[in-house]
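Grab a pencil and work through the exercises below. Try each task on your own before you read its solution.

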Amino acid sequence: MRNSIIAAAFVSALMITGASAQVSKVTGTQEFCAVNSGNANCNFDTAAACEKSIANMGTGTKGYSCNERSKLSVRQ
């Protein structure tokens, strides 16, 4: 339940701020992406699934965020 509330708050914050991430490499074709150090892993259908995935990475989650694929800015 707590994770659902956190995920909903995160998605709301993204929509309000219009946050985008600049990346150089995108893998996967789903709507939500785990982004870190310029790479985007777009293998998540929902923001909640993305958030759960990066939360399960343990101490290696520093710098990770979840973003909508449509809001990614790909560096050329």
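**Exercise 1. Decide whether C50 is buried or exposed, then treat C66 in the same manner.**

Step 1: C50 has 0% relative accessibility, so it counts as buried (buried means under 20% relative accessible area, exposed over 50%, partly exposed in between, with a 1.4 Å probe and protein chains only).
Step 2: C66 comes out at 1%, so C66 is buried too.

Before going on, here's the background. This is a predicted model, where local features need pLDDT of at least 70, side-chain atom pairs count only at pLDDT 80 or more, and totals for chains, interfaces and linings use all residues. Residues are numbered from 1 along each chain as its sequence is written, and side-chain values use heavy atoms, with hydrogens and water left out.

**Exercise 2. Find how many disulfides the structure has, and work out the handedness of the one between C50 and C66.**

Step 1: Searching the whole structure turns up 2 disulfides (a disulfide is a pair of cysteine sulfur atoms within 2.5 Å).
Step 2: C50 and C66 are joined with an S to S distance of 2.1 Å. Their S-S torsion is about -95°, so this disulfide is left-handed.
Step 3: C50 sits in helix 2 and C66 in strand 5, 16 residues apart, so to speak of distant parts of the chain being linked is fair (helices are DSSP runs of H or I with at least four residues, strands are E runs with at least two, and both are numbered from the N terminus).
Step 4: The other disulfide joins C33 to C42, S to S 1.9 Å. With 100° about the S-S bond, that link is right-handed, and both of its cysteines are buried.
Step 5: Number the bonded cysteines in sequence order and you get the pairing 1-2, 3-4.**Exercise 3. Work out the strand order of the sheet, and say which strands stand at the edges.**

Step 1: The sheet is open, with 4 strands in the order 2-4-3-5 and mixed pairing (two strands pair if DSSP finds at least two bridges between them).
Step 2: Strand 2 (25-27) and strand 5 (65-68) are at the edges with a single partner strand each, so one side of each has no neighbour in the sheet.
Step 3: Strand 5 pairs with strand 3 (residues 32-36) in the antiparallel sense, over 4 bridges. There, C33 stands opposite N67.

**Exercise 4. What is the nearest side chain of opposite charge to E68?**

Step 1: Find E68 in strand 5.
Step 2: The side chain you want is K71, 4.1 Å away (Lys and Arg count as positive, Asp and Glu as negative, and His and the chain ends are not counted).
Step 3: E68 is buried yet has no salt bridge (a side-chain nitrogen of Lys or Arg within 4 Å of a carboxyl oxygen of Asp or Glu).
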